[in-house]
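Hello,

Here is the structure I promised to send over. Have a look at it first, and then read on for what turned up.

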Amino acid sequence: MATRAVRGYRTISRDAACLLAGSVPWDLDARALADVYWRSAEVRAGGSNPLPDAVRRWRDEARDRALELWEERLLEPRVSVDLIGAIRPVFREWVDRKKGALSFRLTQVLTGHGCFGRYLCEIVGREETTRCHHCDDERDTAAHTLTACPSWTRQRAALTAAIGPDLSLPALVSAMLSSEQNWRDVEKFAEEVISNKEEAERDRERRALDPLRRRRPRRRVIRNDNLPP
Ligand SMILES: [Zn+2]
């Protein structure tokens, strides 16, 4: 499954998961396989065996057609709009890339599905508000984490020194594709920042579960007779 291949959260849309993994959606893949099968069957029906070169060419053509259809389908995304919009301009390059693995934390930064207030509140209902636990912002998203949250200034400075000042999703995707070093730099940011956010989330969960810490502090009683006259 593409969702597992990109180590992402299950809530990522199927199209986005396939796109991140660079694997053609199963329906289009099946169609491409069927196309090659029927072309081979046609040659066999004529009494000969298809030549390996011809089969290879049919496979390439079928994959090309599948990618075209997939690209068309991504023109009107209904979910994961930002991510799909960021990858679409470099679609072929992204899908055909030979390197560039997606870690769990890098996937969180690219999809916004992960340790972010907005996701934890609005999508999985694990938190009551969308606020950022690392600053005063009321909406913690991947973009907030990448571009604004003051808690990650050091990591952000390292990243912009490496890939330039634009940390929007399209710029990030294009930087990642342009060199292996850039890919690693973005991944480093994701690993450092998201692991911090995960640790903070675990702390919040521990505090919420711990009955001793949950108990309200006793109010101090001020006794009038102790007050100076
Ligand atoms: Zn913040």
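Before the helix pairs, one cut-off is needed: two axes whose angle is over 145 degrees count as roughly antiparallel. Please also keep in mind that this is a predicted model.

**The chain as a whole**

The protein chain holds 13 helices and zero strands, so its pattern along the sequence is simply α-α-α-α-α-α-α-α-α-α-α-α-α. Of the 229 residues in the protein chain, 25% are buried. Among contacts with a separation of 6 or more, 55% join residues that sit 24 or more positions apart.

**α3 and α4**

Let me begin with the pair that the cut-off was for. Helix α3 spans residues 26-45 and helix α4 spans residues 52-73; they pack at an angle of about 150°, and their axes are 9 Å apart. The two helices are therefore roughly antiparallel to each other. Their crossing is right-handed. On the α3 side, the contact is made by Leu 28, Asp 29, Arg 31, Ala 32, Asp 35, Val 36, Arg 39 and Ser 40. On the α4 side, the residues are Val 55, Trp 58, Arg 59, Ala 62, Arg 63, Arg 65, Ala 66, Leu 69 and Trp 70. Sorted by class, this contact has nine nonpolar, one polar and seven charged residues.

Ala 54 also belongs to α4. It has 14 C-beta neighbours inside 10 Å, which is why Ala 54 counts as partly exposed. Its C-alpha atom is separated by 9.7 Å from that of Arg 39, although the two residues are 15 apart along the chain.

**α7, an enclosed helix**

How many of the eight residues of α7 are buried? Seven of them are, so this helix (residues 104-111) is largely enclosed by the rest of the structure. The buried residues are Arg 105, Leu 106, Thr 107, Gln 108, Val 109, Leu 110 and Thr 111. Their cover includes α2 (14-21), α5 (81-87), α9 (142-147) and α12. Just after α7 comes Gly 112, with a positive phi of about 80°.

**A buried leucine in α8**

Leu 120 lies in helix α8, which runs over residues 117-123. Leu 120 counts as buried because it has 21 C-beta neighbours inside 10 Å. Leaving aside residues up to four places away in sequence, Leu 120 touches Arg 126 and Glu 127. From Leu 120 to Arg 131 the C-alpha distance is 9.9 Å, with their positions 11 residues apart in sequence.

**α10 and its two sides**

In helix α10 (residues 153-163), the buried residues are Arg 156, Leu 159 and Ile 163. Viewed down the axis of α10, they fall within an arc of 65°, so they line one face of the helix. That spacing fits a general rule: an α-helix has 3.6 residues a turn, so residues three or four places apart point the same way.Which residues does α10 carry on the face turned away from its buried side? Thr 153, Arg 154, Ala 157 and Ala 161 are exposed there. The cover over the buried residues of α10 includes α11 (169-178) and α12 (180-209). Just after α10, Gly 164 takes a positive phi of about 105°.

**Where α12 meets α10 and α11**

The axes of α10 and α12 are 10 Å apart, and the two helices pack at an angle of about 175°. That makes α10 roughly antiparallel to α12. From α10, the contact uses Gln 155, Leu 159, Ala 162 and Ile 163. From α12, it uses Asn 182, Asp 185, Val 186, Phe 189, Glu 192 and Val 193. The residues of this contact divide into six nonpolar, two polar and two charged.

With α11, the axis of α12 crosses at roughly 130°, and the two axes come within 5 Å. That makes α11 oblique to α12. Here Leu 172, Ala 175, Met 176 and Ser 178 of α11 meet Asn 182, Trp 183 and Val 186 of α12. By class, the contact of α11 with α12 has five nonpolar, two polar and no charged residues.

Happy browsing, and best wishes!

Technical notes. Residues are numbered from 1 along each chain as its sequence is written. This is a predicted model: local features need pLDDT of at least 70, side-chain atom pairs count only at pLDDT 80 or more; totals for chains, interfaces and linings use all residues. A residue is buried if 20 or more other C-beta atoms lie within 10 Å of its own, exposed if 12 or fewer, and partly exposed in between; C-beta atoms are placed from the backbone. Helices (H or I, at least four residues) and strands (E, at least two) are DSSP runs, numbered from the N terminus. The arc is that of the directions from the helix axis to the C-beta atoms. Two residues are in contact if their C-beta atoms, placed from the backbone, lie within 7 Å. Axes are lines fitted to C-alpha atoms, for helices over the stretch in contact, and angles run from 0 to 180 degrees between N-to-C directions. Angles under 35 degrees count as roughly parallel, over 145 as roughly antiparallel, 65 to 115 as roughly perpendicular and the rest as oblique. Ala, Val, Leu, Ile, Met, Phe, Trp, Tyr, Cys and Pro count as nonpolar, Asp, Glu, Lys and Arg as charged, and the others, Gly among them, as polar. A crossing is left-handed if the near helix is turned anticlockwise from the far one by less than a right angle, and right-handed if clockwise.
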